[in-house]
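User: I would like to learn how to read strand pairing, helix packing and backbone geometry from a set of coordinates. Could we go through one example together, feature by feature?

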Amino acid sequence: MANDKLYIHEFIDIIGHNRANYMHHMTANWSPIAQEERHQLCYGVWGVVGTTREWPSVVNLWEEDGFDGMAASFRHEFAGAGLQDPALAKWWAEAAKFRSHGEDRLLVPAPWTRTIEELCADGVRGETYAHEQLRTTPGKARELLERVAEGGEPLLSEHGWELAGAWETAMTGDSEAFLLWAIPSWEQWAEAEKAERADTKLGRWRRDFYSRLTSVHRFLMADAELSPFRTGRQPTRADRKTEWAE
């Protein structure tokens with residue numbers, strides 16, 4: 001069946017040495033509430049490898065029940081007088097101690113992208129993950145995803161890379177796409193990077209693919225302690241390291 005979910009993608013800037021605190025607050029303290037009240041699942045939480053992008057930072061991905069589920073979630077969140085769910089005031093105040101800024105997007109999955117429950121059932125894991133942010137001319141993002149599925153995925157799978165997610169960004173005129181690759185080892189990341197820069201099938205495919213983009217940024221990430229890709233399940237209240245009164 002086609003994936004009919006919708007995803008919230010978040011780039012988060014972290015204050016000082018609080019990356020671990022923030023990731024735990026998001027997974028153990030927030031996600032169980034979101035699962036119950038909004039049927040929002042944690043798709044993944046990762047620490048960004050700072051050598052490959054701004055640091056310290058975190059990427060969050062949340063899985064919603066399509067646009068209808070997102071609409072219901074928006075109504076729930078913005079019902080308060082301060083345009084904030086009153087029940088979450090304490091949680092937001094605590095999160096503000098750990099983060100300074102965020103940049104969010106809504107992502108529409110390629111029909112063949114697996115949900116987080118399917119990925120966990122399939123045992124998809126990575127020692128690291130390659131996150132690709134692709135920009136192109138309006139109207140071309142879906143075509144890019146198909147090119148990746150047909151040409152790029154078979155070539156990168158030879159290096160152990162597994163395409164864990166592929167999305168187009170909503171509300172941007174079909175001009176941006178995101179890819180998530182699960183990579184079993186750091187060495188397999190390095191081998192693919194070397195192959196891309198050489199006269200190989202992967203290198204030739206990449207150069208043709210890049211010619212269709214206006215910009216591309218690939219960076220690396222590592223799983224948070226309670227990210228479903230690492231644990232194979234959703235975070236629960238039992239994962240909390242300290243008592244948190246909701």
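User: Which residue stands opposite Phe178 in S7?

Analyst: A word of caution belongs at the start: this is a predicted model. As a general idea, strands of a sheet pair through backbone hydrogen bonds, either parallel or antiparallel. In the present case, Gln133 stands opposite Phe178 of S7, and this belongs to the pairing of S5 with S7, which is antiparallel and runs over eight bridges. Phe178 also has Trp167 opposite it, and here the relevant pairing is that of strand S6 (residues 162-169) with S7, again in the antiparallel sense, over six bridges.

User: How should I read the two faces of S7, and which residues lie on each side?

Analyst: In a regular strand the side chains alternate between the two faces of the sheet. For S7, one side carries Glu176, Phe178, Leu180 and Ala182, while the other carries Ala177, Leu179, Trp181 and Ile183, and both faces are covered, since every one of these residues is buried. The strand as a whole is mostly covered, with eight of its eight residues buried.

User: What can be said about the burial of strand S2 (residues 41-48), and which strands does S2 pair with?

Analyst: Eight of the eight residues of S2 are buried, and therefore the strand is largely enclosed by the rest of the structure. On the pairing side, S2 is joined by six bridges to strand S3 (residues 57-64), with the two running antiparallel, and three bridges, likewise antiparallel, link S2 to strand S8 (residues 215-223). Gly47 is a useful residue to follow, as its bridge partner in S3 is Val58 and its bridge partner in S8 is Ala222. In addition, Trp46 stands opposite Val59 in S3.

User: In what order do the strands close into a barrel?

Analyst: Eight strands close into a barrel, in the order S1-S3-S2-S8-S5-S7-S6-S4, with antiparallel pairing. From one strand to the next, the twist averages 35°.

User: Now to the helices: which residues of helix H6 (residues 186-196) are buried, and which are exposed?

Analyst: The general idea is that an α-helix has 3.6 residues a turn, so residues three or four places apart point the same way. In H6 the buried residues are Ala192, Glu193, Ala195 and Glu196. They cover an arc of only 165° around the axis, which puts them on the same side of H6. Glu187 and Lys194, on the other side of H6, are exposed.

User: What covers the buried residues of H6, and which strands does H6 lie across?

Analyst: The cover includes helix H5 (141-157), helix H7 (201-210) and S8. H6 itself lies across strand S5 (128-135), strand S7 (176-183) and S8, and its direction makes an angle of about 165° with S8.

User: At what angle do H5 and H7 pack, and how far apart are their axes?

Analyst: H5 and H7 pack at an angle of about 165°, and their axes are 10 Å apart. Angles over 145 degrees count as roughly antiparallel, and H5 and H7 are therefore roughly antiparallel to each other. Their crossing is left-handed. The residues that meet are Leu144, Arg147, Val148, Gly151, Gly152, Leu155 and Leu156 from H5, and Lys201, Leu202, Trp205, Arg206, Asp208 and Phe209 from H7.

User: Let us turn to the backbone: which peptide bond is cis, and where is Pro56 placed?

Analyst: Most residues other than glycine have a negative phi, and most peptide bonds are trans. Here the bond from Trp55 to Pro56 is cis, with omega near -10°, and Pro56 is found in the loop between S2 and S3.

User: What are the phi values of Met171 and Asp174, and is each of them buried or exposed?

Analyst: Met171 is not a glycine, yet its phi is positive, at about 65°, and the residue sits in the hairpin of S6 and S7, which has six residues between the strands. Asp174 is likewise a residue other than glycine with a positive phi, near 60°, and its place is in the loop between S6 and S7. For the accessibility, Met171 has a relative accessible area of 77% and is exposed, whereas Asp174, with a relative accessible area of 15%, is buried.

How values were computed:
Residues are numbered from 1 along each chain as its sequence is written. This is a predicted model: local features need pLDDT of at least 70, side-chain atom pairs count only at pLDDT 80 or more; totals for chains, interfaces and linings use all residues. Side-chain values use heavy atoms; hydrogens and water are left out. Buried means under 20% relative accessible area, exposed over 50%, partly exposed in between (1.4 Å probe, protein chains only). Helices (H or I, at least four residues) and strands (E, at least two) are DSSP runs, numbered from the N terminus. Two strands pair if DSSP finds at least two bridges between them. The arc is that of the directions from the helix axis to the C-beta atoms. Contact means heavy atoms within 4.5 Å. Axes are lines fitted to C-alpha atoms, for helices over the stretch in contact, and angles run from 0 to 180 degrees between N-to-C directions. Angles under 35 degrees count as roughly parallel, over 145 as roughly antiparallel, 65 to 115 as roughly perpendicular and the rest as oblique. A crossing is left-handed if the near helix is turned anticlockwise from the far one by less than a right angle, and right-handed if clockwise.
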